[in-house]
Amino acid sequence: MDTTEAIGIAARCIKIMADGEPADFEELVHPEAVNHEDSAEPPECRKPGPAGYYATALWLRTAFADLAYDIHYVVTEGDLVAINSTMSGRHVAPFAVYDESGAVDSVFPPTGKTFAVSQSHWLRIKDGKVVDHWANRDDIGQAKQLGWVPPTPLYLIKMARAKARLKRAM
């Protein structure tokens with residue numbers, strides 16, 4: 001596979017997180033693909049292959065309206081593609097993060113605020129599809145922009161209530 005094709009596959013894989021359909025994930029994500037960043041995600045996101053990647057996209061889209069990824073730079077070496085990007089959106093629904101066992105850890109009630117944060121994504125390509133994904137994200141910057149940190153006492157109460165509601169619903 002040539003460099004241009006690998007870059008295209010990796011860039012499309014990042015962008016479909018915002019608006020891709022299951023068929024897009026089937027086309028771009030290898031059946032054995034691993035998302036090495038899934039440890040804070042819901043259990044359904046921890047599956048290998050297109051199903052796990054699509055579940056991650058739905059998890060993000062549920063909490064963040066107007067989700068978008070702007071790609072700034074792309075570098076490739078062999079089968080590895082590195083992407084520098086900005087993820088942006090608006091917090092419109094509860095955003096839950098999970099612990100290693102898959103249990104709910106924290107729930108951030110919607111603030112209605114927008115964010116735009118720097119991210120780098122590293123994707124390994126095999127057989128013309130993404131087979132590995134790693135990321136470095138500005139989670140603290142996102143939390144500050146969304147009003148999650150420093151938390152106000154009222155927001156901490158809202159978080160506790162949102163967590164209890166989610167646990168009851170499970």
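1. A residue counts as exposed when its relative accessible area is over 50%, and as buried when that value is under 20%, with partly exposed in between. By that cut-off Asp-127, at 64% relative accessibility, is to be read as exposed. The structure discussed here is a predicted model, and the points below go from the chain as a whole to its helices, its strands and its backbone exceptions.

2. On the overall architecture, the chain holds five helices and seven strands, which follow one another along the sequence in the pattern α-α-β-α-β-β-β-β-β-β-α-α. For a chain of 170 residues, a compact globule would have a radius of gyration near 15 Å, and the 16 Å found here agrees with that expectation. The C-alpha atoms, taken along the principal axes, fill a box of roughly 55 × 30 × 25 Å.

3. On burial and contacts, 45% of the 170 residues count as buried, while the chain exposes about 8700 Å², of which carbon and sulfur atoms supply 56%. Of the contacts between residues at least 6 apart in sequence, 60% join residues that are at least 24 apart. As for charge, the chain carries 18 positive and 23 negative charges, and the mean positions of these two sets are 12 Å apart.

4. Helix α1, which covers residues 3–19, has 17 residues and should span 24 Å at 1.5 Å a residue; its end C-alpha atoms are 25 Å apart, in agreement with that figure. The buried residues in α1 include Ala-6, Ile-9, Ala-10, Ala-11, Cys-13 and Ile-14, and further along the helix Ile-16, Met-17 and Ala-18.

5. Helix α3, residues 49–63, reaches 22 Å from its first C-alpha to its last, close to the 21 Å expected for its 15 residues. Eleven of those 15 residues are buried, so the helix is largely enclosed by the rest of the structure. Among the buried residues of α3 are the aromatic side chains of Tyr-53, Tyr-54 and Trp-59, together with Gly-49, Pro-50, Gly-52 and Leu-60. Pro-50 can also be placed relative to Ala-23, since the C-alpha atoms of these two residues, 27 residues apart along the chain, are separated by 8.9 Å. Ala-23 itself lies in helix α2, residues 22–28, and is exposed, with a relative accessible area of 55%.

6. Strand β3 contains Ile-83, which is buried with a relative accessible area of 1%. Leaving aside residues up to four places away in sequence, Ile-83 touches Ala-10, Ala-11 and Ile-14, and its contacts also include Ile-71, Tyr-73, Val-74, Gln-119, Ser-120, His-121 and Leu-123. Ala-10, Ala-11 and Ile-14 are themselves among the buried residues of α1. A separation of 38 Å, C-alpha to C-alpha, is found between Ile-83 and Pro-153, which are 70 residues apart in sequence.

7. Ser-88 is also found in strand β3, which runs over residues 80–91, and at a relative accessible area of 18% it is buried, a value that falls under the 20% cut-off. With residues up to four places away in sequence not counted, Ser-88 touches Asp-66, Leu-67, Ala-68, Phe-115 and Ala-116. Its contact partner Asp-66 belongs to strand β2, residues 64–77, and is exposed, with a relative accessible area of 57%.

8. Some backbone features deserve a check by eye. Most residues other than glycine have a negative phi, and most peptide bonds are trans. Asp-66, although not a glycine, has a positive phi of about 55°, and Asp-127, again not a glycine, likewise has a positive phi of about 55°. Whereas Asp-66 is found in strand β2, Asp-127 is placed in the loop between β6 (114–126) and β7 (129–137).

9. Which peptide bond is cis, with omega near -10°? The bond in question runs from Val-149 to Pro-150, and Pro-150 is located in the loop between α4 (139–146) and α5 (153–169). Pro-151 has its place in the loop between α4 and α5 as well, and is partly exposed, with a relative accessible area of 37%. Pro-151 and Gly-112 are 39 residues apart in sequence, and their C-alpha atoms are 15 Å apart in space.

Conventions
Residues numbered from 1 in each chain as written. Predicted model: local features only at pLDDT ≥ 70, side-chain atom pairs only at ≥ 80, totals over all residues. Heavy atoms only, no water. Helix = DSSP H or I, 4+ residues; strand = E, 2+ residues; numbered from the N terminus. Expected span 1.5 Å × (residues − 1). Buried < 20%, exposed > 50% of the residue type's maximum accessible area, 1.4 Å probe, protein only. Contact = heavy atoms within 4.5 Å. Rg over C-alpha atoms; globule rule 2.2 N^0.38 Å. Areas by Shrake-Rupley, 256 points an atom, 1.4 Å probe, with all protein chains shown as cover. Lys, Arg positive; Asp, Glu negative; His and termini not counted. Charge placed at Lys NZ, Arg CZ, Asp CG, Glu CD.
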